[in-house]
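Let's take a walk through this one, starting from one end of the chain and seeing what packs around it. Have the structure open and follow along.

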Amino acid sequence: MKRFTTVLSVLSGLFLLYIGLLYLLDPQASAAGFGLPSWPEHEGTGFLTVKGGRDISICLGVFALLLTGHRKALGWVLLGLAFAPLTDMLTVLGNHGSAATAYGVHGLAAAVVVLNAVLLLRERPTPPVA
């Protein structure tokens with residue numbers, strides 16, 4: 001199970017890095033996949049780069065905890081971070097966006113993050129090798 005949670009954590013971090021870079025490099029083109037019916041244009045695209053920065057920041061935090069072996073802390077952080085895709089889902093639904101994207105992208109992401117968090121929190125420490 002430890003290998004599964006490690007792989008899931010790495011994949012989650014890489015996915016966040018990918019999405020974050022998309023929003024930083026081409027925010028207007030990336031916005032259509034978020035699920036909302038309309039996006040800021042021209043000067044308003046700065047809000048889209050905020051999302052990119054947020055996602056990359058989360059990715060770096062996940063990798064820092066994973067690489068330093070703080071798996072229980074990573075579990076707690078992921079549990080808290082599940083709030084981001086959950087609010088993304090509710091934002092899409094509350095603004096008459098795509099329900100398929102709200103549930104299929106943001107809802108699924110929240111569920112995977114919560115699953116990973118719970119599995120990490122249930123892990124038993126590895127006994128030291130004598």
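What follows is a tour of the first helix, its partners and two buried acidic residues. Keep in mind that this is a predicted model.

Start with helix H1, which covers residues 2-25. Its 24 residues should span 34 Å at 1.5 Å a residue, and the end C-alpha atoms are indeed 34 Å apart, so the expected and actual spans agree.

Now look at which parts of H1 are tucked away. The buried residues are Thr5, Leu8, Ser9, Ser12, Gly13, Leu16, Ile19, Gly20 and Tyr23. And what covers them? The cover includes helix H2 (27-31), helix H3 (46-67), helix H4 (71-81) and helix H6 (99-122).

Let's take two of those partners in turn. A pair of packed helices is described by the angle between the axes and the distance between them. For H1 and H4, the angle is about 50 degrees and the axes are 12 Å apart. Angles from 35 to 65 degrees fall outside the parallel and perpendicular classes, so H1 and H4 count as oblique to each other. The crossing of H1 past H4 is left-handed. On the H1 side you'll find Lys2, Thr5, Thr6 and Ser9, and they meet Arg71, Leu74 and Leu78 of H4.

Swing over to H6. Here the axes of H1 and H6 come within 10 Å and cross at roughly 140 degrees, and H1 passes H6 in a left-handed crossing. Phe4, Thr5, Leu8 and Ser9 of H1 make this contact with Val112, Asn116, Leu119 and Leu120 of H6. Thr5 and Ser9 may look familiar: they also meet H4.

Just past H6, stop at Glu123, which sits in the segment after that helix. Is Glu123 buried or exposed? Its relative accessible area is 14%, below the 20% cut-off, so Glu123 counts as buried. The Glu123 side chain has a polar contact of 2.6 Å with the side chain of Thr5. Setting aside residues up to four places away in sequence, Glu123 touches Lys2, Thr5, Arg71 and Lys72. Lys2, Thr5 and Arg71 were also among the residues where H1 meets H4.

Finally, move to Asp55 in helix H3. With a relative accessible area of 3%, Asp55 is buried too. Its side chain and that of Arg54 are joined by a polar contact of 3.4 Å. Beyond neighbours within four places in sequence, Asp55 is in contact with Leu16, Ile19 and Gly20, and those three are on the list of buried residues of H1.

Methods. Residues numbered from 1 in each chain as written. Predicted model: local features only at pLDDT ≥ 70, side-chain atom pairs only at ≥ 80, totals over all residues. Heavy atoms only, no water. Helix = DSSP H or I, 4+ residues; strand = E, 2+ residues; numbered from the N terminus. Expected span 1.5 Å × (residues − 1). Buried < 20%, exposed > 50% of the residue type's maximum accessible area, 1.4 Å probe, protein only. Contact = heavy atoms within 4.5 Å. Polar contact = N/O pair within 3.5 Å; in protein donor to acceptor, adjacent residues only side chain to side chain. Axes fitted to C-alpha atoms, helices over the stretch in contact; angles between N-to-C directions. Parallel < 35°, antiparallel > 145°, perpendicular 65-115°, else oblique. Left-handed = near helix turned anticlockwise from the far one by under 90°.
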